[in-house]
Amino acid sequence: MTDIDSSRCSIHKDELYKLICIECNVLLCSVCSVDHNGHIYNHIHNLKNSDDNSNVFKSRIDTLWSSVKTSNDSIKVLKNNRTKITDHFRELHNILMKQEYTLLKPIDDNINSVQKHIKDMLKELKSIVNILNQITDNKNNNSNKSSSSSSNDDNNTNISTDSYRIDNIIETINECESFDKFVDINRVSFFSYNKNENNYPQLQVNNSYTNLQLIQSFNSKYQLSNSKGIHHSPVIPSYKISISQLKMQNIKSDAEQSIYVTASESTSTSNTSTTSNNNNNNNNNNNNSSSDSSSSGSNSNVSSNNNSARYIISADRNNISLLSIGDNAESIVLDSQYTPPLSSTIAGRWTLNAIAATVSGKYVYIFGVSRSGTKYLRFSLESRVFDLAEDISGITTGEWLSVCNDPSNNGHIYIINNFDKEKAEISRYNIKSMKFEKIGKHRLSSEITNDVIKSFIYHDCLYMVTSVSNRIFKINNLPTHHKNHSVSNLDIQLPLEKYVAVTHDNQGNIYILTFKRKFLRVNVDSKQIAHLTPLSISEYCSMVYSKDGPYIYLFGGADYGNFVYTIQKDLWTPIFKDDQSKRINCGSVLI
């Protein structure tokens, strides 16, 4: 069949197809068109004479494009309405959190006061136990005992001062009915026997006079000869908690009635209206939020797509602060502050290295919170609430964790737990499935290495910096499943002193601030060390790197102050000077 044959009318063989009936979508010859009288046609001459065949579809294009524009405008209005609703409930949430904090603050202060009182008494009890052990040694002053004591002393010297925390010792009080049992449970940690610990006279013979000297030294140390040596229990008020169920119902009803959403069958782009009850000001402008700014005094929106705004999440002993970075690195201000579910969740927790933000910047995760260190939290930057508080399951956790993102953006956060000092257990958290999986245990050193103060991933290798043993360990090839991976110690001659703050720039440079006023830049590729201008910091603080500048932010809070370091100028500048939060041992992350 030729092209001419295929273009002939199947009914009127001598006629060619010259029209198309738009309504019936059939090809017509001039004779067939009679049967479609009154219909809309398009003639073949329109196609032949048209310079732009798109004109044939012009009407349809105009209709579809108009509908697309209208629908897109509807999305804008709907998103604006959604923002109004989330802003309103964020304000309600902030009101409740502020009231919760107000009520808990005096109780938490009382808890801290009582804990300090217990700590003081435990330190004195520890000194008494040490003296009794010393007197016993002198009674049994023979070669076998001396040899045994010497062996014990050697073992005790290997017990790091960080191998226990007195908060954990206090928790064991509830397990013990007697003081003897309490001592026995904590014998290898808090009550470990060390002759030299209290600086009492070293007794070489067994006689009553030298024992009296011990008692005299103890009395002098704790001032038992005067009233200063008496432990006065803090005055704790008696609290009565009264909850009004009627007012709770009223609050619930008021919250439900404080905002209404009504949908109308409108053909305009604004087809959803949001009404927020406000006796002082009814705002009907669709371009403005129907609720006031939050109780923190800020109404700015955090968005991962807003490149002009940068924020830092910085934790303290009870809350997290959202810090806004202004036009320059020095203009950093408190945007807002948030208290996690159950305000005591992160109280006293060491979150120094346990905070990570997702690559998208939508969420911030805090691992190892709660008194037992077995929970994790998720904070949403979009809604500004803690939307997740779950147990850490399937992996070993503890008080000191180090976490880092996988820069390849495959949805994992790596967790390093140096719980047994010599070996680091590496795990990872799947952001999508919210599951934890073990990767493996790795021996870092035959020595007591203490804690991994910073971990990061660079060129598909996992790096770990230890605080006390002053080493940088590297695991080649990013570990992805459970097996023993090759661990190497980078041969870099680092100063043998405690590291108090560490960060990295994702380009192979590690910045280390030491206890003895040294600030170093260590390159893991060239293994070169540069000495920079230091700060005087003696406790663990968080440092975060920002490529804008580039800068390094250090948060010491009320104890040491907050600073920004301009790398190109080798200069520290104080920032956020009115900060009263306790940020020692607490982490920060740039978002």
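**Exercise 1.** Which residue in E2 is the bridge partner of leucine 19? Place the pair within its sheet.

*Solution.* The model is predicted.
Step 1. Leucine 19 has leucine 28 as its bridge partner in E2.
Step 2. Strand E1 covers residues 19-21 and pairs with E2 in the antiparallel sense, over 3 bridges.
Step 3. An open sheet is formed by 3 strands in the order E2-E1-E3, with antiparallel pairing. Its edge strands are E2 (26-28) and E3 (41-43), each of which pairs on one side only. From one strand to the next, the twist averages 30°.
Step 4. In general, the strands of a sheet pair through backbone hydrogen bonds, in either a parallel or an antiparallel way.

**Exercise 2.** Locate arginine 384 and decide: is this residue buried or exposed?

*Solution.* Step 1. Arginine 384 sits in the loop that runs between strand E11 (375-380) and strand E12 (385-391).
Step 2. The relative accessible area of arginine 384 is 3%. Buried means under 20%, so arginine 384 is buried.
Step 3. The side chain of arginine 384 makes a polar contact, at 2.9 Å, with the side chain of aspartate 335.

**Exercise 3.** State the mean pLDDT of the protein, then describe two stretches where pLDDT is below 50.

*Solution.* Step 1. The protein has a mean pLDDT of 76, and 74% of its residues reach 70 or more.
Step 2. Residues 267-273 have a pLDDT below 50; in the model this stretch has 17 contacts beyond near neighbours in sequence.
Step 3. Over residues 276-308 pLDDT also stays under 50. For residues 276-308 the model has 52 contacts beyond four places in sequence.

Key
Residues numbered from 1 in each chain as written. Predicted model: local features only at pLDDT ≥ 70, side-chain atom pairs only at ≥ 80, totals over all residues. Heavy atoms only, no water. Helix = DSSP H or I, 4+ residues; strand = E, 2+ residues; numbered from the N terminus. Buried < 20%, exposed > 50% of the residue type's maximum accessible area, 1.4 Å probe, protein only. Polar contact = N/O pair within 3.5 Å; in protein donor to acceptor, adjacent residues only side chain to side chain. Pairing = 2+ DSSP bridges. Axes fitted to C-alpha atoms, helices over the stretch in contact; angles between N-to-C directions. pLDDT = per-residue confidence, 0-100. Contact = heavy atoms within 4.5 Å.
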